[in-house]
Amino acid sequence: TMSDVHRQASAPQASLGPTNAFVRDREENKAAGDAEAKAHIAEINTDPVRDNNAKLSVQVFGCRNLQASDLVNDSSDPYVRLLLVENPNLKPLGVEETVLHEKTSSIQYATRQPKFKDAVMNRVPFMFDFFGDKRVVLRIEIWDHDKFTSDDFLGQITLELGADVTENCKVRASNVRLMPRYGKRGHVYSQIDCLIHFELDE
């Protein structure tokens, strides 16, 4: 009855605190909400494991008209460096970059028209995000091997995944002109022949 409700409300409830059920529920919900919020913050502060959602395959078949680093013999000892890197979108290419994968081919001696059999990346997995704060770049570099001095840079090509490539594709790039290093002027008259296969998981 209504009188029983009034008697219960007026009885001392020291152990329960507020006697109003609504207030008690509200405090319990607040405590649960605080715990959930703390768990959410902990989750944000924990670096999550990123799933690989893309794969890249590359094969360099050869180059033509490479610069002669050995002027006496009019030749070079070229090899290929395949690099999959990422760097911040707001930074120039090559700045603050992280190497995700790297492969170096064998050296082809005394030639300016090398053919490569092992300049290959085979379905290398990596994390790719169109809307992330970092970009992923494929860079193919050609170098001349020197036995007694530092190796000579002969040229490069770069492919920005997400800007130059936005969907699954397989491209055979023939007679692509090599470029100088980032920020360097000059002309490189050599060409490269390669195959690039980009796979984005559904």
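This passage walks through the fold, the nonpolar core, the cysteines and the charged pairs of the structure shown above.

The structure is a predicted model, in which local features need pLDDT of at least 70 and side-chain atom pairs count only at pLDDT 80 or more, while totals for chains, interfaces and linings use all residues. Residues are numbered from 1 along each chain as its sequence is written, and side-chain values use heavy atoms, with hydrogens and water left out.

Two helices and eight strands make up the secondary structure of the protein; these are DSSP runs numbered from the N terminus, with helices being H or I of at least four residues and strands E of at least two. Read from the N terminus, the order of elements is α-α-β-β-β-β-β-β-β-β. Of the 202 residues, 31% count as buried, where buried means under 20% relative accessible area, exposed over 50%, and partly exposed in between (1.4 Å probe, protein chains only). The exposed surface of the protein comes to about 13300 Å², of which carbon and sulfur atoms supply 52%; the areas come from the Shrake-Rupley method with a 1.4 Å probe, and for residues only the protein chains shown count as cover. Among contacts (heavy atoms within 4.5 Å) with a separation of 6 or more, 68% are between residues 24 or more positions apart.

The interior comes next. The largest nonpolar core holds 32 residues, and those with the most contacts inside it are Leu 56, Val 60, Phe 126, Ile 140, Leu 161 and Phe 198. Two or more residues each are given to this core by strand 1, strand 2, strand 4, strand 5, strand 6 (152-161) and strand 8. A nonpolar core is here a set of buried Ala, Val, Leu, Ile, Met, Phe, Trp, Tyr and Cys residues joined through side-chain atoms within 4.5 Å. Setting aside residues up to four places away in sequence, Val 60 touches Val 80, Leu 82, Phe 116, Ala 119, Ile 140, Ile 192, Asp 193 and Cys 194. One of these partners, Phe 116, sits in the loop between strand 3 and strand 4 and is buried at 4% relative accessible area. Beyond its neighbours within four places in sequence, Phe 116 is in contact with residues including Phe 61, Cys 63, Pro 78, Tyr 79 and Ser 105. Gly 62 is also in contact with Phe 116; the two are 54 residues apart in sequence, yet their C-alpha atoms are 5.5 Å apart in space.

The cysteines form zero disulfides in a search of the whole structure, a disulfide being a pair of cysteine sulfur atoms within 2.5 Å. For Cys 63, the closest cysteine sulfur is that of Cys 194, and at 8.8 Å this is too far for a bond. Cys 63 is buried, with 1% relative accessibility, whereas Cys 169 is partly exposed at 23%.

Cys 63 also appears among the contacts of Gln 191, alongside Gly 62, Arg 64, Asn 65, Asn 175, Val 176 and Arg 177, not counting residues up to four places away in sequence. Gln 191 belongs to strand 8 (residues 191-200) and is buried at 19% relative accessible area. Its side chain makes a polar contact of 3.1 Å with the side chain of Asn 65; such a contact is a pair of N or O atoms within 3.5 Å, where, within protein, one must be able to donate a hydrogen and the other to accept it, and residues adjacent in sequence count only if both atoms are side-chain atoms. A polar atom of the Gln 191 side chain also lies 2.8 Å from the backbone oxygen of Tyr 189.

Charged pairs complete the picture. Nine salt bridges are found in the whole structure, each being a side-chain nitrogen of Lys or Arg within 4 Å of a carboxyl oxygen of Asp or Glu. Asp 74 and Arg 112 form one such pair, at 3.4 Å from N to O. Asp 74 lies in the loop between strand 1 (54-64) and strand 2 (78-88) and Arg 112 in the loop between strand 3 (98-104) and strand 4 (120-126), so the pair ties together parts 38 residues apart in sequence. Asp 74 is partly exposed at 45% relative accessibility, as is Arg 112 at 26%. In another salt bridge, the closest N and O atoms of Lys 134 and Glu 86 are 3.9 Å apart. Because Lys 134 lies in strand 5 (residues 134-144) and Glu 86 in strand 2, this pair ties together parts 48 residues apart in sequence. Lys 134 is partly exposed at 39%, while Glu 86 is buried at 10%. Arg 123 and Glu 199 also form a salt bridge, with their closest N and O atoms 3.1 Å apart; this pair links strand 4 to strand 8 across 76 residues. Finally, a network of salt bridges links Arg 81, Glu 97, Glu 102, Arg 139 and Glu 141.
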